[in-house]
Amino acid sequence: MNRLLRTCSAALLACALSVPVFGLETPLVVVSGNNIATINAGSGQIAIYELRDNVNTRKSVKNFLVDLQMLEARTTQVGDQTYSLVRTGWGPAKDAFPKPTPEEVIQGLFRKEPTPEQKKTNRAADQELVRKAEDEFWSKEHPYDGVVRGAFSGSMLMVVIPAKRAVLFYRSDDEKLKLLNAYNYSPALYVQLAYKSIPNPMDLAKSRELDLTKEQQEELVSQFKSQDENAAIQAGPSDVWCCAATAGPYFALVDSANRRVLTFEDKGKNVELRSVRNISVDLMIPVGYGTTPDAARAATDLVSKSKEVVAMLAEWGVKPFDQYTLKALVAMAQAGEGARKAESLQANCTGSQVVLDFTAQRKLLTYLINGPGNALQLVSARDYSFDIAIDMLASRANARVEAAEGFKAIETMAGKGQGEQALARLKTELKFVPTLVDAAHKSAALKKLAGKDKDAFEALLAQGDKDKEAFLAQVKSAVEAAAAEREKAKKDKK
């Protein structure tokens, strides 16, 4: 069953990828040591303040909207085309231009000629498709919509304007804030697998650490190849979160809408795009990479070795227990309408590591910004669906045992004439274990309650019956959904 459960994340991913991903807003007040950077989305003002000895001192002020308008107004010739400096990128001098330029990204990262596989489907070369996508994007107006993101390293302030796929880098030196570089990150969004990022997705698919069967390994390699060869080269509106590494001159930009992670390095005179990685590739990893303990094995052991869990699943009518059942039961663990609607990216940056939690996919990804060779390194990928399942099943099984013990105390209270206390305790227990209502119906001690207590008891039973029916209906629906997915998988395999 452990091998079977390892395929669960693929089924979860197929469902999750159809759900929009909403990004995490980056704070517009960013602190680095004693320095504070503020970004005002409305006025465009950016400022650096120093907080020392309880005194706030303004060090420098600039306006990113003014700089952005200046870059849009100025143009340059690229071949026979006229481009704004926002599209080409900008630096104050030739040796201070951001690298690689957007044009160098297109020429260096994308195939000029279609592969044999692409020729079979009459697909144009990647480079041609990227240019078409870029021409289409820049042929339209993309007015500033008030959304801005920022990150601050103490000496460098990164300002991202997602609507224009633009990043402005400001140097904070000598009590001044100077625009160092402007960068168009749009071409990087079309990278299908990875650029200067490790491990290589193809090598990852063949890694023993994933503990896949030969069939599963071939399927994952096929998915990666398909992504590289056949994926449509396009990008939607950016939804960005960004951060500065405190352990070095590096920045990370995460476009959750387009599923890409970009890293930049402050080189002093200019800024360099260091790495690009397609997050979707890492979300395809079954169960885990670089993680312990073995969550799939723990889930299997729980449902096969725990008498309490086995008894509870039998009471619920859950059979068989496989990856489809797991998927359905994990969905039951989602609480609160706000959480259901969020389906968001939660992220943080510590030292030189970036941690991304895709809550809809239940995937936790960790990256090292400056891995070997200053490459973006995938450190770990965890599908915590198993962790949720283990906790949910263990907690509910434990609550079921404790409720049974608590019920004895309830009957003792009722026998001593403490009807009100007994019913208050019973009401609480039924919230956690709806099926406890069956024992309440059969209890001789509770049947002896009289007067107001008897009326309250009967009302509690009536509500308990409804809650039990609703809960078991939810479980039944999950089991039926699992059965449908199971049958669909069988047909697809044929």
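# A walk around the model

Start by selecting Asn54: this residue is exposed, with a relative accessible area of 81% (exposed means over 50%, buried under 20%, partly exposed in between, using a 1.4 Å probe and protein chains only). Asn54 is found in the loop between β3 (45-52) and β4 (55-63); helices (H or I, at least four residues) and strands (E, at least two) are DSSP runs numbered from the N terminus. Look at its backbone too: phi is positive, about 60°, although Asn54 is not a glycine.

Before moving on, note that this is a predicted model, where local features need pLDDT of at least 70, side-chain atom pairs count only at pLDDT 80 or more, and totals for chains, interfaces and linings use all residues. Residues are numbered from 1 along each chain as its sequence is written, and side-chain values use heavy atoms, with hydrogens and water left out.

Next, pick Arg165, in the loop between β8 (156-161) and β9. Arg165 also has a positive phi, about 50°, without being a glycine. Is Arg165 buried or exposed? At 3% relative accessibility, Arg165 counts as buried. Now add Phe137 to the selection: Arg165 lies over the face of that ring, at 3.8 Å from the ring centre. The rule here asks for NZ of Lys or CZ of Arg within 6 Å of the ring centre and within 35 degrees of the ring normal. For another such case, show Arg87, which lies over the face of Tyr83 at 3.8 Å from the ring centre.

Time for rings. Those of Phe, Tyr and Trp (its six-membered ring) pair if their centres lie within 6.5 Å; planes under 30 degrees apart count as stacked, over 60 as edge-to-face and the rest as tilted. The count comes to six aromatic pairs. One of them is Phe64 with Tyr144, edge-to-face at 5.9 Å centre to centre and 80° between the planes. Phe64 sits in helix α3 (residues 64-73) and Tyr144 in the loop between α7 (126-138) and β7 (149-152), so the pair ties together parts that are 80 residues apart in sequence. Phe64 is buried at 0% relative accessible area, while Tyr144 is partly exposed at 24%.

Then go to Phe169 and Phe251, an edge-to-face pair at 6.0 Å centre to centre, with 70° between the planes. Phe169 is in strand β9 (residues 166-173) and Phe251 in strand β14 (residues 250-255), 82 residues apart. Both Phe169 and Phe251 are buried. Add Tyr183 and Phe264, and you have a cluster linked by ring pairs.

Now show helix α12 (residues 307-316) with helix α15 (residues 385-415): their axes come within 9 Å and cross at roughly 90°. Axes are lines fitted to C-alpha atoms, for helices over the stretch in contact, and angles run from 0 to 180 degrees between N-to-C directions. That makes α12 roughly perpendicular to α15 (65 to 115 degrees; under 35 is roughly parallel, over 145 roughly antiparallel, and the rest oblique). Residues meeting here include Met312 and Trp316 in α12, and Leu393 and Arg400 in α15, where contact means heavy atoms within 4.5 Å.

For a last stop, select two prolines. Pro100, in the loop between α4 (85-88) and α5 (102-109), is joined to Lys99 by a cis peptide bond with omega about -20°. Pro199, in the loop between β12 (197-198) and α8 (201-205), follows a cis bond from Ile198, with omega near -5°.
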